[in-house]
Amino acid sequence: VRNFGAAAMQIITRNDGEVLQLIQDDKGLHLVAVFGLQTQTTPAIPAVQSVIQMLSDPDINFNMSCRIGVATGNAFCGVVGSEKRKAFDVLGDTVNLACRLMQLCEQTRS
């Protein structure tokens, strides 16, 4: 997980993206990244470039199947939570669509 996370974060950052979450649970490893927060470019292009680079990167050998969902559109981006616990997050239909697309994909192996 550590090797995958470091390599994936490097690729995503190089493509002007931000990794919001890297979580491992009983359903597998989940990486949530966003693009277009700090640039005026179309975020779909660097997002898809990141996916292609991660799938073809020899340093990313996470030895498991993967599902990927990419969606573009507006989303709420900002701090959520309370005074005791806050986090930066993205919420909205675009985020939900990416999740649904990921769930519909067949599990593939790079």
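## A strand pair

Let's start with one pairing: Cys 77 sits opposite Val 90 of β4. This is a predicted model, and in it β3 (residues 76-81) and β4 (residues 86-91) run antiparallel, joined by six bridges. Getting from β3 to β4 takes a hairpin of four residues.

## The nonpolar core

Next, the inside. The largest nonpolar core has nine residues: Phe 4, Ala 7, Ala 8, Ile 11, Ile 12, Phe 35, Ala 47, Met 54 and Ile 60. Two elements, α1 (2-14) and α2 (44-56), each put in two or more of these. The top contributor is α1, with five residues.

Ala 8 is a handy one to click on. Leaving out residues up to four places away in sequence, Ala 8 touches Leu 31, Met 54 and Ile 60. Of those partners, Met 54 and Ile 60 are also listed in the core.

## The largest pocket

If you're after a cavity-style feature to look at, the largest pocket comes in at about 1,600 Å³. It is lined by 49 residues, and the ones closest to its centre are Leu 31, Val 32, Ala 33, Gly 69 and Ala 98. Leu 31 is also one of the residues that Ala 8 touches.

Which elements supply at least two residues each to that lining? They are α1, β2 (28-35), α2, β4 and α3 (93-104). β2 has the largest share, at eight residues. As for chemistry, the lining splits into 29 nonpolar, 17 polar and three charged residues.

Conventions:
Residues numbered from 1 in each chain as written. Predicted model: local features only at pLDDT ≥ 70, side-chain atom pairs only at ≥ 80, totals over all residues. Heavy atoms only, no water. Pairing = 2+ DSSP bridges. Core = buried A, V, L, I, M, F, W, Y, C linked by side-chain atoms within 4.5 Å. Buried < 20%, exposed > 50% of the residue type's maximum accessible area, 1.4 Å probe, protein only. Contact = heavy atoms within 4.5 Å. 1 Å grid on protein atoms, 1.4 Å probe; cavity = no way out; pocket = protein on both sides within 12 Å on 5 of 7 lines; lining within 4 Å. Points joined across faces, edges and corners; volume = space filled by probe spheres on them. Nonpolar A, V, L, I, M, F, W, Y, C, P; charged D, E, K, R; others polar.
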